[in-house]
Amino acid sequence: MMLNEASMTTIRQLMKSQKYSSDPFEDCMRAAVVGSPINALLAVCDESYGEIVRAPAVEACGGECSLLGMVYVLKDNIDVKGMASTCGSKLLSENVAREDSEVYKLLRNSGAILLGKANMDAFAMGSGGETSDFGYTVNPLDHSLVAGGSSSGSAAAVAANMAHFAIGTDTSGSVRVPAAYCGVCGFKPTYGIVPDDGVMPCAKSLDCVGTLTRSAYECAMVMDIIAVGSLDRSGSRMRFEASCDGEMDGLRIGVPVEYLQYAGLNPSIKKDFEDAMLRMKKLGASIKKINIKHFNTALDAYRKVMSVEVGESIENLIGNKKAGEEAEKRRALGKYLISGDGAMEYVAAKNIAQEIKLEYVKTFEDIDIIATPTAPTIAFKPGGARGDEDIFTVGASLAGVCAITVPYSQDGAKLPSGIQLIGAAGNDVLTVKIADAFERSNR
């Protein structure tokens, strides 16, 4: 087996025993070369993997070696000193980072090896990866389809076995939607528990650094390293991997009827979701129908709140230069909303966002997890975006809570559906644990 295809737990065992027949970094590099038509990566590192893998573990990782030898990619809005952070825009091709981002430092100190920087929608604005100035990312599961966005290259790199995991950013679903489209696991943590120092913002009040992995268990492994701002509801440091015990007996799951009644929901995704809920019930969870009354207003409120913040972010990055059609459209909306004519609309959108946050707090008084489909459709062909790709993911973003997507198909379809599990703010460990238990039941 090539080590780019090995699980992260296998890589850990190999690094501990120092018994491996090939080099994980070199195997991932080969996969990246073979998979270059997918257009997942914008830059590839040339640092020597061998120097790190042969060093004593304590020296290499400062005593924290749980990701030693595992290869990953960073979305290209996350800084690494000496590398350009383009944010998917040619306007920033010479934007060489002067300092390392905090998340990169944490991963480096854990022994993980950076393969390169991942393609993305320009300025993190888009749902298909199609707004990148460097061309869209192809879906590894079906090359006629897009990978989703805005963390398109991050999802595709994991799905194509170019990397063991990836780091992306999620503002309204930018980790979860491409993860669902590419058949991998994507996690948006509770707002603020993963540091965003050195991450180029899209909408600062909503942006979260998240993970893309091949399983929920591997998500737990990465989160144990990067969730340094995390305290669980008891005030203790979150421990993700140690909590993955495969159990969900007694779990209370709420299923919002508004999601399943959405006219744009693909019938096959609805069928997969309903089958997934039956599986969870067999595992000991109770399922109840709930209402999310702001479902129909969340996406519009998000677009208005985000557009105002996006305008500020783009201005800080490129001044008055033109940023591309999608970015300029949102920039123009933001300018309108802070003008006299649009100010009341913006205030109303901010109020709705606050009401959504309060609604989620209230909802979690009676349940542990909200379960929904991740996206209303599977991945689409280039040019086929409908504009509702993040309608199921945006609520968790506005509420600042955590959410994970895992792939699922009852009939083994090449393009699986995404099952989204949403947890209360600070309940990240439980959310990942339940996703892991569900995945174990399907093996």
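Helices, as the word is used here, are DSSP runs of H or I with at least four residues, and strands are runs of E with at least two, both numbered from the N terminus. With that numbering, Cys 87 can be placed in the loop between strand 2 and helix 5 (102-109). The tour returns to Cys 87 later. The model on screen is predicted.

**Stop 1: the whole chain**

Show the protein chain as a cartoon. It has 15 helices and 11 strands. The radius of gyration is 20 Å, close to the 22 Å given by the globule rule for 443 residues, so the chain is as compact as a globular protein of that length. Along the principal axes, the C-alpha atoms fill a box of roughly 60 × 55 × 45 Å.

Turn on the surface. The accessible surface is about 17200 Å², and 50% of it belongs to carbon and sulfur atoms. Of the 443 residues, 60% count as buried.

Now colour the charged side chains. The protein chain has 45 positive and 55 negative ones, and the centres of these two sets lie 2 Å apart.

Among contacts with a separation of 6 or more, 75% join residues 24 or more positions apart.

**Stop 2: the nonpolar cores**

Hide the surface and select Leu 107, Phe 123 and Phe 165. These are the residues with the most contacts inside the largest nonpolar core, which has 108 residues.

Centre on Phe 123. Which residues is Phe 123 in contact with, leaving aside neighbours within four places in sequence? They are Cys 87, Ser 89, Leu 92, Cys 202, Ile 314, Leu 317, Ile 318, Ala 323 and Ala 327.

A second core, separate from this one, has 26 residues; among them are Ala 32, Ala 40, Val 71 and Ala 118.

**Stop 3: helix 6**

Select residues 152-159, which form helix 6. Seven of its eight residues are buried, so the helix is largely enclosed by the rest of the structure. The buried ones are Ser 152, Gly 153, Ser 154, Ala 155, Ala 156, Ala 157 and Val 158.

What do the buried residues of helix 6 pack against? Show these elements one at a time: strand 1 (41-44), strand 2 (71-75), strand 3 (113-118), strand 4 (165-170), helix 7 (176-182) and strand 6 (208-213).

Step just past the end of helix 6 to Asn 161. This residue sits in the loop between helix 6 and strand 4. Its phi is positive, about 60°, although Asn 161 is not a glycine.

**Stop 4: Ala 124 and what it touches**

Go back along the chain to Ala 124, in the loop between strand 3 and helix 6. Is Ala 124 buried or exposed? Its relative accessibility is 10%, and buried means under 20%, so Ala 124 counts as buried.

Not counting residues up to four places away in sequence, Ala 124 touches Lys 75, Cys 87, Ser 150 and Cys 202. Two of these deserve a click.

- Ser 150 is also in the loop between strand 3 and helix 6. The peptide bond leading to Ser 150 from Gly 149 is cis, with omega near 10°.
- Cys 87 is buried, with a relative accessible area of 2%. Its phi is near 55°, a positive value in a residue other than glycine. Cys 87 is also one of the contacts of Phe 123.

To finish, draw a distance from Ala 124 to Thr 297. The two are 173 residues apart in sequence and 22 Å apart in space, C-alpha to C-alpha.

Conventions:
Residues are numbered from 1 along each chain as its sequence is written. This is a predicted model: local features need pLDDT of at least 70, side-chain atom pairs count only at pLDDT 80 or more; totals for chains, interfaces and linings use all residues. Side-chain values use heavy atoms; hydrogens and water are left out. The radius of gyration is taken over C-alpha atoms; the globule rule is 2.2 Å times the number of residues to the power 0.38. Buried means under 20% relative accessible area, exposed over 50%, partly exposed in between (1.4 Å probe, protein chains only). Contact means heavy atoms within 4.5 Å. Accessible areas come from the Shrake-Rupley method with a 1.4 Å probe; for residues, only the protein chains shown count as cover. Lys and Arg count as positive and Asp and Glu as negative; His and the chain ends are not counted. The place of a charge is taken as NZ of Lys, CZ of Arg, CG of Asp or CD of Glu. A nonpolar core is a set of buried Ala, Val, Leu, Ile, Met, Phe, Trp, Tyr and Cys residues joined through side-chain atoms within 4.5 Å.
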